[in-house]
Amino acid sequence: MEISRKNLRKEVLERIKFVKTCVMARELCLLVRTHRAVLEPKDVQEICGYISNLCKEEGCSEPSELCAKAANAVGLEDEEKYLELCQQSCLKCGEARRPQIKKDGYVA
């Protein structure tokens with residue numbers, strides 16, 4: 001019984017890490033993209049930098065780099081390039097695998 005509890009704990013901790021990094025990164029990216037008209041460029045740069053770090057923490061280097069490039073493009077006043085890079089980053093992030101939860105675990 002202790003083994004199934006440990007396995008379930010491991011799976012839950014993996015899901016929590018996923019939510020703390022990947023889910024938060026996706027939600028923040030969506031918020032920035034949908035509300036960019038009211039955000040200052042410095043806001044977008046700061047948030048995109050944070051998102052880039054979240055992706056890097058999870059080991060997703062390509063979305064992390066794309067998001068960092070998008071943050072730099074905002075500073076250059078190149079909105080079209082920023083949007084393209086941000087979209088690519090979000091798509092790459094969406095391709096990431098979600099942790100799988102096994103349904104056969106029993107915890108008393």
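A residue counts as buried when its relative accessible area is under 20%, as exposed when that area is over 50%, and as partly exposed when the value falls in between. With that rule in hand, we can begin with the whole chain, bearing in mind that what is shown here is a predicted model. Of the 108 residues in the chain, 24% count as buried. The chain has four helices and zero strands, and someone reading along the sequence meets the pattern α-α-α-α.

Let us start with helix α1, which covers residues 2–34. A helix of 33 residues, taken at 1.5 Å a residue, should span 48 Å, and because the end C-alpha atoms of α1 are 46 Å apart, the expected and computed values agree. The helix also has a bend in its course, for α1 turns by about 35 degrees at valine 19.

The next step is to ask which residues of α1 are buried. They are Glu11, Phe18, Thr21, Cys22, Ala25, Cys29 and Val32. When reading such a list, it helps to remember that an α-helix has 3.6 residues a turn, so residues three or four places apart point the same way. Elsewhere on the surface, Val12, Leu13 and Ile16 make a nonpolar patch of about 240 Å². Isoleucine 16, which belongs to helix α1, has a relative accessible area of 43% and is therefore partly exposed, since this value lies between the limits of 20% and 50%.

The cysteines deserve a careful look, and a student may well ask how many disulfides the structure holds. The number is zero. Cysteine 22 is in no disulfide, and the nearest cysteine sulfur, which belongs to cysteine 60, is 5.1 Å away. A disulfide requires two cysteine sulfur atoms within 2.5 Å, so a separation of 5.1 Å does not meet the rule. Cysteine 48 is likewise in no disulfide, its nearest cysteine sulfur being that of cysteine 67, at 4.4 Å. As for their surroundings, cysteine 22 has a relative accessibility of 6% and so counts as buried, while cysteine 48, with a relative accessible area of 1%, is buried as well.

We now turn to contacts that join parts of the chain, beginning with a charged pair. The count of salt bridges comes to one, and in this salt bridge glutamate 58 is paired with lysine 17, the closest N and O atoms being 3.8 Å apart. The limit for a salt bridge is 4 Å, so the distance of 3.8 Å falls within the rule. The pair links distant parts of the chain, because glutamate 58 is in helix α2 and lysine 17 is in helix α1, with their positions 41 residues apart in the numbering. Their C-alpha atoms are separated by 8.3 Å. Is each partner buried or exposed, or something in between? Glutamate 58 has a relative accessible area of 28% and is partly exposed, and lysine 17, with a value of 39%, is also partly exposed.

Helix α2, made of residues 41–58, also contains glutamine 45. At 31% relative accessibility, glutamine 45 counts as partly exposed. Where the sequence places glutamine 45 and alanine 71 26 residues apart, the structure places them 4.5 Å apart in space, from C-alpha to C-alpha.

A last pair takes us to helix α4, which runs over residues 79–94 and includes leucine 91. Leucine 91 has a relative accessible area of 52%, and because this is over 50%, the residue counts as exposed. Its partner in this comparison is arginine 26, which is 65 residues away along the chain, while the C-alpha atoms of leucine 91 and arginine 26 are separated by 9.6 Å.

Technical notes. Residues numbered from 1 in each chain as written. Predicted model: local features only at pLDDT ≥ 70, side-chain atom pairs only at ≥ 80, totals over all residues. Heavy atoms only, no water. Patch = residues over 30% accessible without salt bridge, like charges linked within 9 Å, V, L, I, M, F, W, Y side chains within 5 Å. Areas by Shrake-Rupley, 256 points an atom, 1.4 Å probe, with all protein chains shown as cover. Salt bridge = Lys/Arg side-chain N within 4 Å of Asp/Glu carboxyl O. Helix = DSSP H or I, 4+ residues; strand = E, 2+ residues; numbered from the N terminus. Buried < 20%, exposed > 50% of the residue type's maximum accessible area, 1.4 Å probe, protein only. Expected span 1.5 Å × (residues − 1). Bend = angle between axes of the 7 residues up to and from the residue.
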